[in-house]
Amino acid sequence: MNAHLDPGTLNAVSSQEAWSGQDRRQSARHIWFLNAAFDRISADVALKRIAERPASAPFAFVVTPNVDHLVRLQGETVLARLYAQAWLTVCDSRVLELIAELSGQEVDVTTGSDLTEALFDQVIDPSEPVVVIGGGEGVIEGLKARYGLTDIRWHQPPMGLKSNPEAIAECAAFVAANPCRFSFLCVGSPQQELVAEACLERGDCTGVGLCVGASLDFLSGKARRAPRWMQTLRLEWMFRLMAEPRRMWKRYLVDGSKVVALWWGWRRARTRLRDLEQDLLDRL
């Protein structure tokens, strides 16, 4: 599916998908793929659900798993715990989309970068408060310049956030002290999901937290995103590798390649399960 969001999205999507405290989709809510649960939801509907969630609703967060996340998910139990608490889980990777197609599955792609851009382009009013955890001064100034934002509430946590419970708690306290519709948690994975979990545990945070990594870097002009043709050909990873080879080579060339073994093991397990189900049916 094309994950780029149309400008008329919020008017075009059926009002039956509006947030009402309940999921109104008729089919099963999730698809289980590569040992992770993804919401069965298009990019347009995902945007609408997020946009129409009341600002006063209890805090809920969105995660955007990609290949790197699913590979790490196999060995990091903390990541599995964090993803299980997410309100919405959307696929951030067109490579995963391709693997799903080869497996006879349909996984909708809603990249964190596309989703973030659509929120700023179509939903966020320049005068409303927006919380940003992470990024840098250049990112904040770039967002203000591009979108005319006048009320960004910015908190910059220290390095080593993953192993600093006090700093994670400070991030959550900042979200609680600055209520708004959208909090952009941009400190990398699993740090941003740990902040989201801390927000849930406090009980006094509101709005939607978006765990969207480097998305604000692209919007602010700090980093350049792959051209559209490379995104369409599922080569965005290659563009990032060429742009930052020292930082990205291990993620894409070493860790990322492990998705092949993950896919093979998942396919074998799925085949065994289906054979077992058929055997049980034959015995009835």
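These questions and answers cover backbone geometry, salt bridges, a pocket and a surface patch in a predicted model.

Q: Which residue is joined to Ser-189 by a cis peptide bond?
A: Most peptide bonds are trans. Here omega is about 5 degrees, and the bond is cis. The second partner lies in the loop between strand E7 (182-186) and helix H9 (191-202). That residue is Pro-190.

Q: Is Leu-34 buried or exposed?
A: Leu-34 sits in the loop between strand E1 (30-33) and strand E2 (36-39). Its phi is near 50 degrees, a positive value in a residue other than glycine. The cut-off for burial is under 20% relative accessible area. Leu-34 has a relative accessible area of 0%, so this residue is buried.

Q: What is the relative accessible area of Arg-234?
A: Arg-234 lies in the loop between helix H11 (228-232) and helix H12 (236-243). Phi of Arg-234 is positive, near 65 degrees. Arg-234 is partly exposed, and its relative accessible area is 23%.

Q: Which element gives the largest share of the lining of the second largest pocket?
A: The second largest pocket holds about 200 Å³ of space. Elements that give two or more residues to its lining are E1, E2, helix H4 (77-84) and strand E4 (88-89). The largest share is 4 residues, and it comes from E2.

Q: How many nonpolar residues are in the lining of the second largest pocket?
A: The lining has 16 residues. Ala-36, Ala-37, Tyr-83, Ala-84 and Thr-89 lie nearest the pocket centre. By class, 3 lining residues are polar and 1 is charged, while the nonpolar ones number 12.

Q: Which residue meets Asp-114 in a salt bridge at 3.4 Å, N to O?
A: Side chains of opposite charge can pair when their charged atoms come close. Asp-114 forms such a bridge with Arg-94. The pair links distant parts of the chain, with Asp-114 in helix H6 (residues 112-123) and its partner in helix H5 (residues 94-102), 20 residues apart. Asp-114 is buried at 5% relative accessible area, and at 11% so is the partner, Arg-94.

Q: How far apart are the closest N and O atoms of Arg-225 and Glu-236?
A: Arg-225 is in the loop between helix H10 (215-220) and H11, and Glu-236 is in helix H12. The two are 11 residues apart in the chain. Both are buried. A salt bridge needs a nitrogen-to-oxygen distance within 4 Å, and in this pair the closest atoms are apart by 2.7 Å.

Q: Which partner does Lys-250 have in a salt bridge with N and O atoms 3.1 Å apart?
A: Lys-250 is partly exposed, with a relative accessible area of 42%. The partner counts as buried because its relative accessibility is 17%. That partner is Asp-255.

Q: Which residues do salt bridges with shared partners join into one network?
A: The count of salt bridges comes to 19. Some share partners and form one network. Its members are Arg-94, Asp-114, Arg-225 and Glu-236.

Q: Which residues form the nonpolar patch on the surface with about 290 Å² of accessible area?
A: One member, Leu-253, is placed in helix H13 (residues 245-255). Leu-253 is partly exposed, with a relative accessible area of 49%. This passes the patch cut-off of over 30%. The patch is formed by Trp-249, Leu-253 and Val-254.

Note on methods:
Residues are numbered from 1 along each chain as its sequence is written. This is a predicted model: local features need pLDDT of at least 70, side-chain atom pairs count only at pLDDT 80 or more; totals for chains, interfaces and linings use all residues. Side-chain values use heavy atoms; hydrogens and water are left out. Patches are made of residues with over 30% relative accessible area and no salt bridge: like charges are joined within 9 Å, nonpolar side chains (Val, Leu, Ile, Met, Phe, Trp, Tyr) within 5 Å. Accessible areas come from the Shrake-Rupley method with a 1.4 Å probe; for residues, only the protein chains shown count as cover. A salt bridge is a side-chain nitrogen of Lys or Arg within 4 Å of a carboxyl oxygen of Asp or Glu. Buried means under 20% relative accessible area, exposed over 50%, partly exposed in between (1.4 Å probe, protein chains only). On a 1 Å grid over the protein atoms alone, a cavity is a set of points where a 1.4 Å probe fits but cannot get out, and a pocket is an open set with protein on both sides within 12 Å along at least five of seven lines; lining residues have an atom within 4 Å of a point. Grid points are joined across faces, edges and corners, and a volume is the space filled by probe spheres set on the points. Ala, Val, Leu, Ile, Met, Phe, Trp, Tyr, Cys and Pro count as nonpolar, Asp, Glu, Lys and Arg as charged, and the others, Gly among them, as polar.
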